[in-house]
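Good morning, and thank you for making time for this presentation. I shall go through one structure region by region, and I ask you to keep the model in view as I speak.

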Amino acid sequence: GGAGTAGTLALLLGEGSKRLPQAIIIGVKKGGTRALLEFLRVHPDVRAVGAEPHFFDRNYERGLAWYRELMPRTLEGQITMEKTPSYFVTKEAPARISSMSKGTKLIVVVRDPVTRAISDYTQTLSKKPDIPTFESLTFKNRTTGLIDTSWSAIQIGIYAKHLENWLLHFPIGQILFVSGERLIRDPAGELGRVQDFLGLKRIITDKHFYFNKTKGFPCLKKAEGSSKPHCLGKTKGRTHPDIDQEVVQRLRDFYRPFNMKFYQMTGQDFGWD
């Protein structure tokens with residue numbers, strides 16, 4: 001059940017208890033994870049940590065009690081969630097999450113690996129304007145056209161490879177793959193799938209969204225706990241630099257077999273090719 005008036009009062013009185021998350025958004029970086037979390041928090045039965053805890057990758061030595069302390073208080077029937085997109089590419093994360101609870105529901109927001117890589121680069125560029133060009137970072141050797149798969153911007157997008165690691169610890173049915181593209185085109189439709197997966201009533205519908213033409217993003221008519229409309233922050237929807245089309249094509253060709261494998265593994269065609 002949801003939090004009614006008595007429930008809201010109980011939360012205000014500091015009742016409810018901190019629980020380890022039953023669901024985690026585990027990836028991917030620059031896929032649309034912040035948008036998904038902000039949209040999900042509109043649901044009265046979802047309680048989420050705002051900041052990325054990075055527990056299963058960087059803070060694991062601090063222990064589960066430390067992790068649980070970060071969680072918001074929840075009432076019976078509410079779901080505790082967190083998101084840390086780097087989990088998806090962290091070798092140890094699947095085993096660690098599984099040892100917390102084999103039943104943890106996992107959500108991965110994926111996006112065309114080429115645009116994801118460019119978005120990743122754009123984010124880094126905004127912090128360090130003097131980094132080398134995207135093109136020069138893409139290749140080990142531009143002449144031979146050998147792609148540098150050790151560069152994290154490229155590495156992260158090899159979804160099939162990372163997923164194999166998760167499937168050693170979790171059944172595929174316990175992982176939901178959300179399309180980052182559809183999340184922008186049809187937020188209510190994607191949110192419907194997410195609510196079903198989490199066993200939540202479909203409360204978030206297209207009534208909750210409006211499309212902001214300037215940003216090119218859907219925004220919430222009312223954010224969680226507020227009556228004001230809410231769009232994602234300034235760092236979201238940055239303009240990407242123009243990348244040499246030949247390099248983009250090279251990357252498309254590079255990712256294609258991995259994308260096909262990923263479509264097979266997930267039983268979903270994300271339409272990136």
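Helices and strands, as I use the words today, are runs assigned by DSSP, numbered from the N terminus, with at least four residues for a helix and at least two for a strand. Please note also that this is a predicted model.

I begin with the annotated region. An unreviewed UniProt entry carries the annotation "domain: Sulfotransferase" for residues 21–256. Over that span, helix accounts for 36% and strand for 17%. The C-alpha atoms at its two ends are 34 Å apart.

Let us turn to the loop between β2 (23–27) and α2, in which Lys30 lies. The unreviewed UniProt entry marks Lys30 with the annotation "active site". Is Lys30 buried or exposed? Its relative accessibility is 16%, and because buried means under 20%, Lys30 counts as buried. Setting aside residues up to four places away in sequence, Lys30 touches Arg111, Arg116, Ser119, Asp120, Gln123, Lys236 and Arg238.

The backbone here also deserves attention. Most residues other than glycine have a negative phi, and most peptide bonds are trans. Lys30, which is not a glycine, has a positive phi of about 60°. In addition, the peptide bond from Gly27 to Val28 is cis, with omega near -5°. Val28, like Lys30, is placed in the loop between β2 and α2.

A positive phi is found at His54 as well, with a value near 50°. His54 sits in the loop between β3 (46–48) and α3 (64–70). With a relative accessible area of 11%, His54 is buried.

I move on to helix α2, residues 33–40. How many of the residues of α2 are buried? Eight of the eight are, so α2 is largely enclosed by the rest of the structure. Among these buried residues are Arg34 and Glu38, together with Leu36, Leu37, Phe39 and Leu40.

One partner of α2 is helix α10, residues 187–197. Two packed helices are described by the angle between their axes and the distance between the axes. For α2 and α10 the angle is about 75° and the axes are 11 Å apart. That angle makes α2 roughly perpendicular to α10. On the α2 side the contact involves Leu36, Phe39 and Leu40, which meet Pro187, Leu191 and Val194 of α10. Sorted by type, the residues of this contact are six nonpolar, no polar and no charged.

A second helix pair is formed by α8 (residues 159–167) and α11 (residues 245–266). Their axes come within 8 Å and cross at roughly 35°. From α8, the contact uses Tyr159, Ala160, Leu163, Glu164 and Leu167, and from α11 it uses Phe258, Lys261, Phe262, Met265 and Thr266. These residues divide into seven nonpolar, one polar and two charged.

Helix α8 also holds His162. At 8% relative accessibility, His162 counts as buried. Apart from neighbours within four places in sequence, His162 is in contact with Phe88, Val89, Gln155 and Ile156.

What does Phe88 touch, not counting residues up to four places away in sequence? Phe88 touches Ile26, Gly27 and Val28, as well as Val108, Tyr159, His162, Leu163 and Trp166. Phe88 therefore has contacts both with residues of the cis peptide bond, Gly27 and Val28, and with His162. Phe88 is found in the loop between β5 (79–83) and α4 (93–100), and its relative accessible area of 1% makes it buried. Between the C-alpha atoms of Phe88 and Val49, which are 39 residues apart along the chain, the separation is 18 Å.

Finally, I come to a pair of strands. Strand β10 (residues 209–212) runs antiparallel to β11, and four bridges join the two. Asn212 stands opposite Phe217 in β11. The two strands form a hairpin with four residues between them, and Gly216 in the turn has a positive phi of about 75°. Is each face of strand β11, residues 217–220, covered or open? Both faces are covered: Phe217 and Cys219 on one side, and Pro218 and Leu220 on the other, are all buried.

Thank you for your attention.

Methods: Residues are numbered from 1 along each chain as its sequence is written. This is a predicted model: local features need pLDDT of at least 70, side-chain atom pairs count only at pLDDT 80 or more; totals for chains, interfaces and linings use all residues. Side-chain values use heavy atoms; hydrogens and water are left out. UniProt positions are given in the numbering used here, feature names are shortened, and annotations may be inferred rather than shown by experiment. Axes are lines fitted to C-alpha atoms, for helices over the stretch in contact, and angles run from 0 to 180 degrees between N-to-C directions. Angles under 35 degrees count as roughly parallel, over 145 as roughly antiparallel, 65 to 115 as roughly perpendicular and the rest as oblique. Contact means heavy atoms within 4.5 Å. Ala, Val, Leu, Ile, Met, Phe, Trp, Tyr, Cys and Pro count as nonpolar, Asp, Glu, Lys and Arg as charged, and the others, Gly among them, as polar. Buried means under 20% relative accessible area, exposed over 50%, partly exposed in between (1.4 Å probe, protein chains only). Two strands pair if DSSP finds at least two bridges between them.
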